[in-house]
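Please examine the structure shown below. The briefing that follows covers backbone geometry, helix packing and nonpolar cores.

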Amino acid sequence: MSLSPEEIERYARHLVLRDIGGPGQSKLKHARVLVVGAGGLGAPLLQYLAAAGVGALGVVDDDAVSLSNLQRQVIHATQDVGRPKVESARDAIARLNPHVVVEPHALRLDVTNARALIGRYDVVADGSDNFATRYLVSDACYYERRPLVTAALGGFDASLTTLRPFERGP
């Protein structure tokens, strides 16, 4: 899949970088990333992934936008209050980059759906806000052999980790 003239202009700054260039931008365009949570961590992540040109973004969240979300969940706006977060995120991404396909999943991950959903994506980014979901996503990524990028916030502390335990070194 080649880049259109509009995409070449949009991603021009990536294309001139030696470590990205045309081949790297093409890989981004073909990538499928599942973002778990469209809240404080997932919201800016979705914006950056869309701006970078990731081809397909899955968004998992079963919550609606509330006014108290807006100071940290930057993908949502005042007019989105009451709307499902996945719909608000989908519309914001469409405004940001129309070349990105958004796949909204207005659901809570559980043992009956996690592996099937995660198996449809190349990479999973977990920004969920509870341990049960974090453990479920981690297990599903392990069994589906998907890299997991997991982040967490606690007050003024943060962590970011990439997990690929299914891979074996030399």
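Arg-145 counts as exposed because its relative accessibility is 52%, where exposed means over 50%, buried under 20% and partly exposed in between (1.4 Å probe, protein chains only). The model is predicted: local features need pLDDT of at least 70, side-chain atom pairs count only at pLDDT 80 or more, and totals for chains, interfaces and linings use all residues. Residues are numbered from 1 along each chain as its sequence is written, and side-chain values use heavy atoms, with hydrogens and water left out.

**Backbone geometry**
- Arg-145 lies in the loop between α7 (131-144) and β5 (148-154); helices (H or I, at least four residues) and strands (E, at least two) are DSSP runs, numbered from the N terminus.
- Although Arg-145 is not a glycine, its phi is positive, about 55 degrees.
- Most residues other than glycine have a negative phi.
- Gly-53, which follows α4, has a positive phi near 95 degrees.

**Packing of helix α4**
- In α4 (residues 42-52), the buried residues are Gly-42, Ala-43, Leu-46, Leu-49, Ala-50 and Ala-52.
- These buried residues pack against α2 (12-15), α3 (21-30), β1 (32-36), β2 (56-60) and α5 (85-96).

**Nonpolar cores**
- The largest nonpolar core (buried Ala, Val, Leu, Ile, Met, Phe, Trp, Tyr and Cys residues joined through side-chain atoms within 4.5 Å) has 19 residues, and those with the most contacts inside it are Leu-46, Leu-57, Val-59, Ile-75 and Ile-93.
- Two or more residues of this core come from each of β1, α4, β2 and α5.
- Apart from this core lies another, of 14 residues, including Val-36, Val-60, Leu-109 and Leu-136.

Note on methods. Contact = heavy atoms within 4.5 Å.
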